[in-house]
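Here is a short note for someone opening this structure for the first time. Please read the points below with the sequence and the model side by side.

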Amino acid sequence: MNTNGRRLWMHAAGMFTGILFLGMACETTVFANGVVPTDTSGQVNVQQEAVQTDMTQAAAAQAAAAQAAAAQAAAAQAAAAQAAAAAARTAMEDAILAQNGVSRQEYDLLAALIQCEAGGESYIGQVAVGNVVMNRVESANHPNTISEVIYAAGQFSPVRNGSLSRTLNSGNVSASCRQAALEAIAGSEPVGDKLYFRRVNGRSGQVIGNHVFY
């Protein structure tokens, strides 16, 4: 290599070395001034977690709203079913009462008497008390309406002691006593044509629970 060639090579090498040192100096200055590359991966994760939390909360709110709507719909259906059952029950009662010429007031009165006389007895014992009242209505030796039979002087102790009046006023009559009254009006006769009953005391007759019918 001649003298000129060596000079050119040395000049190029010097420039390269200068550029290298300049770059290193700039990098050192950048780090020295606190300017460092930013790692954004943590922010991305936080944002993703926030989005997932919002989605979870929204899904929970939707599920709660759906459950509330389903509960309301079920309650409405139950109320409608109860109303329909009550209407059907009333229609059945009206049909039986009309067929036997009994008013709803007399039906309520008979149910209240059964409550007072046999509220704690078995269902058949409750029907039996109604059976006795209806036998008297049909008997020539007794009045021919439920009211007159029940309020006949000296016949039923709940009339004398006031418990029948209190029961009527309170409306505290069980469903079984109301059903027993309706069944007796419709013609059920668990004690046949018997006209009397009393507490079991050794008297002969048909015993049902704590009553003897004769």
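**The largest pocket and a helix pair**

1. In this predicted model, the residues that line the largest pocket are E117, R136, G154, Q155, F156, S157, R160, Y196, F197, R198, R199 and H211. The volume of this pocket comes to about 200 Å³.

2. As to where the lining comes from, helix 6 (157-161) and strand 1 (197-199) are the elements that each give two or more residues to the largest pocket. Strand 1 provides the largest share of that lining, with three residues.

3. Sorted by class, the lining of the largest pocket consists of five charged, four polar and three nonpolar residues.

4. A separate point concerns helix 3 (residues 104-118) and helix 7 (residues 163-170), whose axes come within 9 Å of each other and cross at roughly 120°. Angles of 65 to 115 degrees count as roughly perpendicular and those over 145 as roughly antiparallel, and helix 3 and helix 7 are therefore described as oblique to each other. The handedness of their crossing is right-handed.

5. On the side of helix 3, the residues that make this contact are D108, L109, A112, L113, Q115 and C116, while helix 7 contributes S163, L164, T167 and L168. Taken by class, the contact between helix 3 and helix 7 has six nonpolar residues, together with three polar and one charged.

Methods: Residues are numbered from 1 along each chain as its sequence is written. This is a predicted model: local features need pLDDT of at least 70, side-chain atom pairs count only at pLDDT 80 or more; totals for chains, interfaces and linings use all residues. Side-chain values use heavy atoms; hydrogens and water are left out. Axes are lines fitted to C-alpha atoms, for helices over the stretch in contact, and angles run from 0 to 180 degrees between N-to-C directions. Helices (H or I, at least four residues) and strands (E, at least two) are DSSP runs, numbered from the N terminus. Angles under 35 degrees count as roughly parallel, over 145 as roughly antiparallel, 65 to 115 as roughly perpendicular and the rest as oblique. A crossing is left-handed if the near helix is turned anticlockwise from the far one by less than a right angle, and right-handed if clockwise. Contact means heavy atoms within 4.5 Å. Ala, Val, Leu, Ile, Met, Phe, Trp, Tyr, Cys and Pro count as nonpolar, Asp, Glu, Lys and Arg as charged, and the others, Gly among them, as polar. On a 1 Å grid over the protein atoms alone, a cavity is a set of points where a 1.4 Å probe fits but cannot get out, and a pocket is an open set with protein on both sides within 12 Å along at least five of seven lines; lining residues have an atom within 4 Å of a point. Grid points are joined across faces, edges and corners, and a volume is the space filled by probe spheres set on the points.
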